[in-house]
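Colleague: I should like to discuss this chain with you before planning further work. Please show me the sequence and the structure.

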Amino acid sequence: MLLGLFVMVLPVSLYLFFQRYMIMVTQGEGMSPTLGDRSRHLFRKGQYQPKRGDIIGFAYRGENAEWLREMYGEDYDVPDRLNGCDFIKRVVAVGGDTIEIRNNRVYLNGTELDEPYVKHEHHMGDYGPYTVPADSVFVLGDNRDATWDSRDFGPVKVEQIFGKMLFVR
C-alpha cells in the first residue's frame, strides 16, 4: 500500500519539480573559480527581472550577428559554434547601464566594479563604453581570460534567459 502510494507520488513530484527547476552542467573554465568545469547547478526556470550579480542560464541562437558587425565591422566573423549553445554567465549590467572595460577593470556607470570572484591573469582588452539596451543584460564570465561572453556575442535579451542559478557555493 505504502509502496503503491510512493510509486504514484514520485513521478508527479518529479514532473512538478522539473517544470520549475532545471539542472545545468558547466562546460569549461569560463565561470571559474566560482563554478568548476562539469559542475552541476540548480536553476529556477522562468522569466524574471535579472539583477546585477545574478548568475543566469540563457540560450544563444545567433540573434546578435547584426549588432556584432556594427560593433566590430562588417568583416567580423560571428562564431558559428556559439549558435545553439546554452551559457551560464554573471550579469554585470542591466538595461540602461553603461559598461566599459579599460586597463583590466570593469566600470559600471563610471564606477569601478568590486569583483572579488573574478579570475584574471592576462590583459582582457578595452571595451566600450556601451549602453545596454532596455530589454537586455550584459554578461561576463568570472574567468575573463577563458570565456565567451557579451564582449564576443553582445548583450543578452531578457527573453533569452531561461533561468537564474539558485545556489553558489
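Modeller: Contact here means heavy atoms within 4.5 Å. Please bear in mind that this is a predicted model.

Colleague: Which residues does D54 touch, not counting residues up to four places away in sequence?

Modeller: D54 lies in the loop between β2 (40-45) and β3 (55-60). With sequence neighbours up to four places away left out, its partners are Y48, K89, R90, V91 and K164.

Colleague: Is D54 buried or exposed, and what is its relative accessible area?

Modeller: The side chain of D54 reaches the backbone nitrogen of K51 at 2.9 Å. Buried means under 20% relative accessible area. D54 therefore counts as buried, since its value is 10%.

Colleague: How many residues make up the largest nonpolar core?

Modeller: In soluble globular proteins, nonpolar side chains tend to be buried together. Here β4 (85-94), β5 (98-102), β6 (105-108), β8 (127-131) and β9 (136-140) each supply at least two residues of the largest core. Its members include V92, I99, M124 and F138, and the total is twelve.

Colleague: With which residues is M124 in contact, leaving aside neighbours within four places in sequence?

Modeller: M124 belongs to the largest nonpolar core, as do I101 and V106. With those neighbours set aside, M124 is in contact with I101, N104, R105, V106, R144 and R151.

Colleague: What share of the 169 residues in the chain is buried?

Modeller: The chain has three helices and eleven strands. Of its accessible surface, about 9,800 Å², 53% belongs to carbon and sulfur atoms. Among the 169 residues, the buried share is 40%.

Notes
Residues numbered from 1 in each chain as written. Predicted model: local features only at pLDDT ≥ 70, side-chain atom pairs only at ≥ 80, totals over all residues. Heavy atoms only, no water. Core = buried A, V, L, I, M, F, W, Y, C linked by side-chain atoms within 4.5 Å. Buried < 20%, exposed > 50% of the residue type's maximum accessible area, 1.4 Å probe, protein only. Helix = DSSP H or I, 4+ residues; strand = E, 2+ residues; numbered from the N terminus. Areas by Shrake-Rupley, 256 points an atom, 1.4 Å probe, with all protein chains shown as cover. Polar contact = N/O pair within 3.5 Å; in protein donor to acceptor, adjacent residues only side chain to side chain.
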